[in-house]
Each structure stands twice: as structure tokens, then as C-alpha cells.
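Subject: Handing over the structure

Hello,

I am passing this structure on to you, and I hope you enjoy looking through it. Please open it next to this message and follow along.

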Amino acid sequence: MSFDTPLPTFNASDPHARFLSASCLDLLLIELVPMAERLAEELSGVEGKLDEEEHREATFYRLETLGFRVGQGLAERFSRDRPRFTDNLDVIKFLCKDFWTILFRKQIDNLKTNHRGVYVLTDNTFRPFTRMSMSNRTEAVTRAQSYLWFPCGVIRGGLANLGINATVQAESADLPGATFQIKTIQQPSIQPQPQAQAQQAQTQVQSPQAVVS
């Protein structure tokens, strides 16, 4: 049972809208990491024993991929009734306000950017960490790192659906805070092929002759 002040529902007029208890989402996020770790161990038994680094990579890949798919679906659903985004910063602001509120019932506390495609999002009370505590602070921060991989995938998937290709990294220096760093990836421009350039040059040379004749 959650004692938080209820927030206005999103798309309440949508006949296909479905709503879920916030506690269910909290429990799902708590269980995702152990599930991914168990699956990695089971696969290692079939394909051969994985070392610690390989096990970590397998767990990260599974959680980040799950988050990516969730982020794509959420962005598609909750951005369809909004005006068209003007630039990348407008998309990031949507992520910090509307998108984060849908997921964690609060907005991002701080947003910084160098205006060169790097954005740093800080959540001082990251909801999945509010119920996490251990006697050893260092051990708690290390253990919490795995719980950031799914949200990283959610962010990357949401941005991808909104037209931004990016990498997302996260860290926590002190619970329950979390920091997410987004680096946008510029799409390489397509250079014309040499053959196409030669044909274009030949066309430009032949055009005056056609006019004279």
C-alpha cells in the first residue's frame, strides 16, 4: 500500500488506458535484477561457466534490453498527443518532467548540459533506492549499481523512439540519489559514391551541349 499523495492520472479519457498500482511497479523493479542474475547463471550452466565479468555483462545486457523495449512503448504512448518537439533539449525536458513522473511519480531534480549533446540528470531521491539500505554504505552503493541498468535502458529506448540515438550511463554516489548521463550520437552523413559523383560531373558537362544543339 502506498501512502504517497495521488497524482493526476494520465490520459484518463483514453478508453484503452490501463492503470497499475505504484507498489506493483516498485516490486517489479526490485525483482528484475535477481531474475536477470538467475537467468545469466542458468545460461552459464548450458553454455559453460561464466566468470564474474561475463556474468555482469550478461545481466546488464538483459536488463538494459528489457528497459529499452519498455522505454520505446512508453514514449510512443505518452508523446503522441503532444506538440512536435523542436529540438533535442525539448525532448530531454519531456523526459525529465512527464516521462519521469509517469515512471517514478516525481520529476528529475536537476538537469545540466554542455550544449554539445551531453546531458546529466540528477534524481536526489530515486524511487527504487528509497527502500534500499545496508549496514555497509560502500556495499550498498555497489549493490545498487545493478538496479540502474533497467532505467538506463528505459531512457535510451524512450529517446530512440523520439528520434535521439544516445548512450546512457548511471551511477549512485550516495543512496537514494542517482545520476544519469546521456550522450547523444550524431548520425554520420552519407557521402556520395565516386561513381555517382562521376555521373553527376558528366551530366553537368553534357548539359550545355544539349542546350546548344
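Below is what was found in it, taken in turn from the sheet, the loops, the helices and a pocket.

Please keep in mind throughout that this is a predicted model.

**The sheet**

A good place to start is the open sheet of four strands, which pair in the antiparallel sense and follow the order β1-β2-β4-β3. β1 and β3 (166–171) stand at the edges with a single partner strand each, so one side of each has no neighbour in the sheet. On average, and ignoring direction, neighbouring strands here are turned by 15 degrees against each other.

If you zoom in on one end of that order, you will see strand β1 (residues 110–113) and strand β2 (residues 118–123), an antiparallel pair held over four bridges. Two positions help in tracing the pairing: N110 has T122 in β2 as its bridge partner, and T113 stands opposite Y119 of β2. Together β1 and β2 make a hairpin, with four residues between them. In that turn, H115 has a positive phi of about 60 degrees.

**Two loops to look at**

Just ahead of the hairpin, the loop between α3 (88–104) and β1 contains R105. R105 is a residue other than glycine, yet its phi is positive, near 60 degrees.

The other loop connects β3 and β4 (178–184), and P176 lies in it. Here the peptide bond from L175 to P176 is cis, with omega near 5 degrees.

**How the helices pack**

Next, have a look at helix α2 (residues 52–78) and helix α5 (residues 149–161), whose axes are 6 Å apart and which pack at an angle of about 40 degrees. α2 and α5 are therefore oblique to each other, because an angle under 35 degrees would be needed to count as roughly parallel. The crossing of α2 with α5 is right-handed. What kinds of residues make up the contact of α2 with α5? The contact divides into 11 nonpolar, eight polar and four charged residues.

α5 also crosses α3, at roughly 125 degrees, and the axes of these two helices come within 11 Å. That angle makes α3 oblique to α5, and the crossing of α3 and α5 is right-handed.

**A pocket**

Finally, please look at the second largest pocket, which holds about 280 Å³ of space. Its lining is made of E37, E52, E53, H55, R56, T59, T142, R143, Q145, S146 and W149. Which helix gives the largest share of this lining? That is α2, with five residues. α2 and α4 (137–144) each supply at least two residues of the lining. By class, the lining of the second largest pocket has five charged residues, five polar ones and one nonpolar residue.

If you would like a route for a first visit, you could begin at the hairpin of β1 and β2, go on to the cis bond from L175 to P176, and end at the pocket lined by residues that include W149.

Happy exploring, and do write back with any questions.

Best wishes

How values were computed: Residues are numbered from 1 along each chain as its sequence is written. This is a predicted model: local features need pLDDT of at least 70, side-chain atom pairs count only at pLDDT 80 or more; totals for chains, interfaces and linings use all residues. Side-chain values use heavy atoms; hydrogens and water are left out. Axes are lines fitted to C-alpha atoms, for helices over the stretch in contact, and angles run from 0 to 180 degrees between N-to-C directions. Angles under 35 degrees count as roughly parallel, over 145 as roughly antiparallel, 65 to 115 as roughly perpendicular and the rest as oblique. A crossing is left-handed if the near helix is turned anticlockwise from the far one by less than a right angle, and right-handed if clockwise. Ala, Val, Leu, Ile, Met, Phe, Trp, Tyr, Cys and Pro count as nonpolar, Asp, Glu, Lys and Arg as charged, and the others, Gly among them, as polar. Two strands pair if DSSP finds at least two bridges between them. On a 1 Å grid over the protein atoms alone, a cavity is a set of points where a 1.4 Å probe fits but cannot get out, and a pocket is an open set with protein on both sides within 12 Å along at least five of seven lines; lining residues have an atom within 4 Å of a point. Grid points are joined across faces, edges and corners, and a volume is the space filled by probe spheres set on the points.
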